[in-house]
Amino acid sequence: MALLTKSKYLVGLQCPRYLWALIYDKEKIPNPDVSVQFKFDEGTKVGELATKLFPDGINVPFEDFNNNLKKSKELLKKKKPLFEAGFRVGNCFSRADILVPVGDKWDIIEVKSGTKVKDINIHDMAFQKYCYESEGLKIRNCFLMHLNNEYIKKGEIDIEKLFVKDNITPEVEESMKNTKEKINYILEVINKDKYPEAVIGPQCKNPYECPLTECWDFLPENHVFHLYRGGKKSLQLFEDGIYAIGDIPKDFKLSDKQGIQKDCEVKGEIHVHKEKIKHFLKTLLYPLYYLDFETFSTAIPMFDGLKPYSPVCFQFSLHVVEKEGDKPKHYEFLYSGNNDPREDFVLALKEVLGDKGSIIVYNQSFEISRLKELGEQFPEHKNWVENTIGRIVDLLIPFRNFSYYNPIQKGSASIKKILPALTGKDYSEMEIGDGATASVKFYNMAYKNGKDVRTALLKYCGLDTLAEIMIVNSLHNLVRE
Ligand code: SF4
C-alpha cells in the first residue's frame, strides 16, 4: 500500500481524484514549469535560512526512508532542535521542518515561504501533530513561521525580523478533531484500483491549480466558468446543469458586463460600443509612449529597500509615436549586469520618456505600483515618478468596461486575449511567451549563470508594446467603420 505523506494528504484533501493520479497515473501530472520550479527553489532557500535561527539544531539526513526514521528516534534523545525529523505511524509518514524541545515536550515549527497563515497550513500541521503524537511525542505548540511582508532589507538580512512566527495551536487542534477520519478516507482512496469519482469545482484551482484538465473536457468551449467575474454564479449555473454561457436562462441575474458576454454568445457577435471607445481614444495625447515593464521577485529580498517578493524592474520596452501617422520608434532596456538593476532601469527610462504625451500601458496598476516603489526606493527620482504617473493611460479600460467584447476572449480582458481578438495575432511560437517565464529566465541568466536569453526577452517585451500599438490602431479602425 502506498505511504501517505504529508504532501499527499494535502492533495487528497484538495481532491481524491488528483491524489489517485499523482500516485498511479503519474504521466498525467506534468513536470513543474520554470516558474513553478522557481517557487519550489525559493521555498527551499527560505527553509534553509530559517534553520539558522536554531544554531544548535541538527539536520536529520534523508539518504533513505528507514534510516531517517531510525536517526530521528535516536536524535530525539539529544533534546536539541531537529530539522526534517521523520515519523511513521501506520501508513502515514511526516517530517517536521523544525522540532524544538521545550522541557519534556516539543514545539513543531513549519516554515513556509508565504507571508500569512493559510487553511492548508493548518491541515498540514494537524497531520504532523497527529503523526508525532501517535508516535508518543508530546507536542506543546504548533507554530507557522512565514515571511514578514513588512520587513525591508537594509544591509545584511536580519533573519529574526525576516520571519514571523504565528502560534496556530488552537486552529490545529480544532482541525485535528477529524484528522483521523480524513486520513482513513484518503487511505481508502489510495487503496482503490481505479480513479475515484470527482466533480469539478472550486477545488480544481484551490489551494493549487490541478493539472488534470481532462476533467473539464466535457464542458462546451465557452462554458459558465468563463463568465466574467462568475465566482459563485458560475458554480450555481453548473450545479443547475447549465454549462454553456449561451444557455443561461433569461431570468438568471447577471451583471451588465456578464449580460454583454451572454448576448455575444447567443448572437455569435462582437460587441462594440463606439461612443465609449471614441471617448477613450480622445484621452490619448501625442506623443504616445507605449510602455511595458518586466520584473522578477524573490522570497528573500536581494537588495536594500526591498521586502519579501517586492518586484524588481529589470526590463522595459517603449514604442514612441510622435504624431498621428508616424512610424513608431523603439527604445528598450534590459539590465545586463548581475547586481541591482533598479537604478539603471529608472535612469534609462527617464532618458526616453520625455515630459509630455500619454504613456500607454496595459493594466496600469502594475506599472504605477512599480514606479511608486522606485520613487520610494530612490527618493531623488520621486518628483519625476509622480509626474510620470500623471501621464499614464490604461489601455485595459475599454476592455475591462466591455466597450469591446469578442467571445474568443472567454471572459478575459488580458492583453494575450485581446490581441488575437482584435488582430488575429498572438504570442505563440515565442521562446518566452509570458511574464512569469520572462522573470525566471532573466533571474537565472543574471544571477545563476543560466542560459543567455537576452534575445528572447527583448523579443517578448517588445511584442507587448507592439501589441499595445496594434490594439490602439484596431480601436481607431473600429470607430471609423
Ligand atoms: S481537475 Fe478538479 S476534479 Fe479533476 S482531479 Fe483535479 S481537482 Fe479533481
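In this predicted model, the buried residues of helix H17 are Thr437, Ala438, Ser439, Val440, Lys441 and Phe442. These buried residues pack against helix H3 (34-51) and helix H18 (454-480), and also against two strands, E9 (288-296) and E10 (312-321). Helix H17 itself covers residues 435-447, and because 13 residues at 1.5 Å a residue should span 18 Å, the distance of 18 Å between its end C-alpha atoms agrees with what is expected. Just after H17 comes Asn449, whose phi is positive, at about 55 degrees.

From this one helix the view can be widened to the protein chain, whose secondary structure comes to 18 helices and 14 strands. Of the 481 residues in the protein chain, 35% are buried, and its C-alpha atoms fill a box of roughly 80 × 60 × 35 Å when this is taken along the principal axes. If one considers the contacts between residues at least 6 apart in sequence, 65% of them join residues that are at least 24 apart.

The domain assignment divides the protein chain into domain 1 (4-191), domain 2 (218-269) and domain 3 (276-480). The centres of domain 1 and domain 2, taken over C-alpha atoms, are separated by 41 Å. Another distance can be read between two single residues, since the C-alpha atoms of Gly90 and Ser365 are 51 Å apart, while 275 residues separate the two along the chain. Gly90 sits in the loop that lies between strand E3 (82-89) and strand E4 (92-102), and it counts as partly exposed because it has 13 C-beta neighbours inside 10 Å.

The ligand offers another point of orientation. Around the ligand stand Cys15, Arg17, Tyr18, Ala198, Ile200, Gln203, Cys204, Cys210, Leu212 and Cys215. The residues of this shell divide into 8 nonpolar, 1 polar and 1 charged.

Some details of the backbone also deserve a careful look. Most peptide bonds are trans, and most residues other than glycine have a negative phi. The peptide bond from Asn206 to Pro207, however, is cis, with omega near 5 degrees, and Pro207 has its place in the loop between helix H8 (179-191) and helix H9 (231-239). A cis peptide bond also leads from Tyr286 to Pro287, here with omega near -5 degrees, and Pro287 is found in the loop between helix H11 (274-282) and strand E9, the latter being one of the elements against which the buried residues of H17 pack.

Strand E9 also borders the loop that holds Tyr309, which lies between E9 and E10. Tyr309 is not a glycine, yet it has a positive phi of about 70 degrees, and it is partly exposed because 16 other C-beta atoms lie within 10 Å. A positive phi, of about 75 degrees, is likewise found at Asn363, although this residue is not a glycine. Asn363 belongs to the loop between strand E12 (359-361) and helix H13 (364-377), and its 17 C-beta neighbours inside 10 Å are the reason why it counts as partly exposed.

Notes. Residues are numbered from 1 along each chain as its sequence is written. This is a predicted model: local features need pLDDT of at least 70, side-chain atom pairs count only at pLDDT 80 or more; totals for chains, interfaces and linings use all residues. A residue is near a molecule or strand if its C-beta atom, placed from the backbone, lies within 6 Å of it. Ala, Val, Leu, Ile, Met, Phe, Trp, Tyr, Cys and Pro count as nonpolar, Asp, Glu, Lys and Arg as charged, and the others, Gly among them, as polar. Helices (H or I, at least four residues) and strands (E, at least two) are DSSP runs, numbered from the N terminus. The expected span of a helix is 1.5 Å times one less than its number of residues. A residue is buried if 20 or more other C-beta atoms lie within 10 Å of its own, exposed if 12 or fewer, and partly exposed in between; C-beta atoms are placed from the backbone. Two residues are in contact if their C-beta atoms, placed from the backbone, lie within 7 Å. Domain bounds come from an automatic or database domain assignment.
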